[in-house]
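Biologist: Could you take me through the ligand site, up close? I'd like to know what surrounds the ligand and what touches it.

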Amino acid sequence: MPATVLITGASRGIGAAAARLFAQRGWQVAINYHQSEEAARTLAASHKNIFAVQADVADRRQVNHMVEEALCQLGHIDVLINNAGIARQALFTDVTEAEWDRMFSVNVKGVYHCCQAVLPGMIRRQKGKIINLSSIWGMTGASCEVPYSASKAAVIGLTKALAKEVGPSGITVNCVAPGVIDTDMNAALCEEAREALREETPLGVLGRPEDVASLLYFLADSQADFITGQVISPNGGFLIV
Ligand code: NAD
């Protein structure tokens with residue numbers, strides 16, 4: 001039986017790079033998208049083992065439907081990658097309650113919804129892996145990104161607690177906390193800001209989505225069976241703890 005993975009927010013960026021890598025390695029891959037149907041369908045059309053499933057991860061009903069659809073396509077879910085996320089830069093004093101709530105609905109509640117939807121099947125099979133995307137900003141905090149930093153810190157807490165709770169069921173839960181990765185999420189950065197970030201990074205480059213995808217693949221694979229509750233940060237040395 002081929003291994004299976006559900007990746008949220010996978011129509012572009014890190015999620016899409018991961019989907020391509022898993023598909024190339026022979027996995028059956030369900031990619032979730034929210035609004036970018038065309039990009040998701042194009043990615044799915046490029047690999048016979050990638051399927052697209054729509055849902056806003058902030059909406060429990062849509063997530064439950066997405067997982068049902070993924071199960072129809074895949075039969076079971078070995079690995080869930082909670083990759084969908086949003087970021088926004090603003091002065092903390094300007095952040096509206098609606099913006100705060102949306103950040104937490106997508107970045108934290110989305111992880112809660114997806115984990116709750118896939119866990120019954122994993123517990124039944126006494127096997128499974130969950131990988132949550134946090135960020136270095138969830139570890140160190142970023143000025144003008146207070147809601148994002150707080151939401152990504154929450155993902156770390158969720159990961160550690162859930163790892164303890166479901167470990168006895170043979171399920172691992174880990175967190176990947178990337179540094180600055182060159183995706184649409186950072187498209188608004190001007191060249192000056194990008195150069196400053198490169199200079200601050202010991203390896204002297206921004207990360208590529210593929211740099212994160214390879215770590216996601218390692219954590220999803222059986223090589224990582226004894227790793228759980230950990231936060232691993234591909235960041236070029238930008239943050240060394
Ligand atoms: P991205 O903006 O390219 O991708 C995010 C994806 O999430 C998009 O496909 C988007 O459509 C999807 N998404 C957003 N809201 C959604 C929702 N409600 N339901 C379903 N999907 C939704 O950014 P990326 O860099 O590929 O980010 C992927 C993950 O990595 C995010 O969780 C992000 O916070 C995290 N991350 C990114 C960086 C970076 O520098 N790019 C650094 C650290 C962590």
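Modeller: Here is a walk around the ligand, with a stop at one helix afterwards. Keep in mind that this is a predicted model. The ligand sits in the largest pocket, and 29 residues surround it. Arg-12, Asp-56, Asn-83, Tyr-148 and Thr-183 come nearest.

Now for the polar side chains. Arg-12, one of those nearest residues, has a side-chain N or O atom 2.7 Å from an oxygen atom of the ligand. Asn-186 places a polar side-chain atom 2.8 Å from a ligand oxygen, and for Lys-152 the distance from a polar side-chain atom to an oxygen of the ligand is 2.9 Å. As for how wrapped up the ligand is, on its own it has 820 Å² of accessible area, and the protein covers 95% of that.

Which elements build the shell? Those giving two or more residues to it are α1 (13-24), α4 (97-125) and α6 (146-166). By residue type, the shell splits into 12 nonpolar, 12 polar and five charged residues.

While we're on α4, have a look at its rings. Trp-100 and Phe-104 both belong to this helix, four residues apart, which is about one turn. The whole structure holds five aromatic pairs. In the pair formed by Trp-100 and Phe-104, the ring centres are 4.9 Å apart and the planes meet at 20 degrees; planes under 30 degrees apart count as stacked, so this pair is stacked.

Technical notes
Residues numbered from 1 in each chain as written. Predicted model: local features only at pLDDT ≥ 70, side-chain atom pairs only at ≥ 80, totals over all residues. Heavy atoms only, no water. Near = heavy atom within 4 Å. Polar contact = N/O pair within 3.5 Å; in protein donor to acceptor, adjacent residues only side chain to side chain. Areas by Shrake-Rupley, 256 points an atom, 1.4 Å probe, with all protein chains shown as cover. 1 Å grid on protein atoms, 1.4 Å probe; cavity = no way out; pocket = protein on both sides within 12 Å on 5 of 7 lines; lining within 4 Å. Sits in = over half its atoms within 2 Å of the grid points. Nonpolar A, V, L, I, M, F, W, Y, C, P; charged D, E, K, R; others polar. Phe/Tyr/Trp six-rings, centres within 6.5 Å; stacked < 30°, edge-to-face > 60°.
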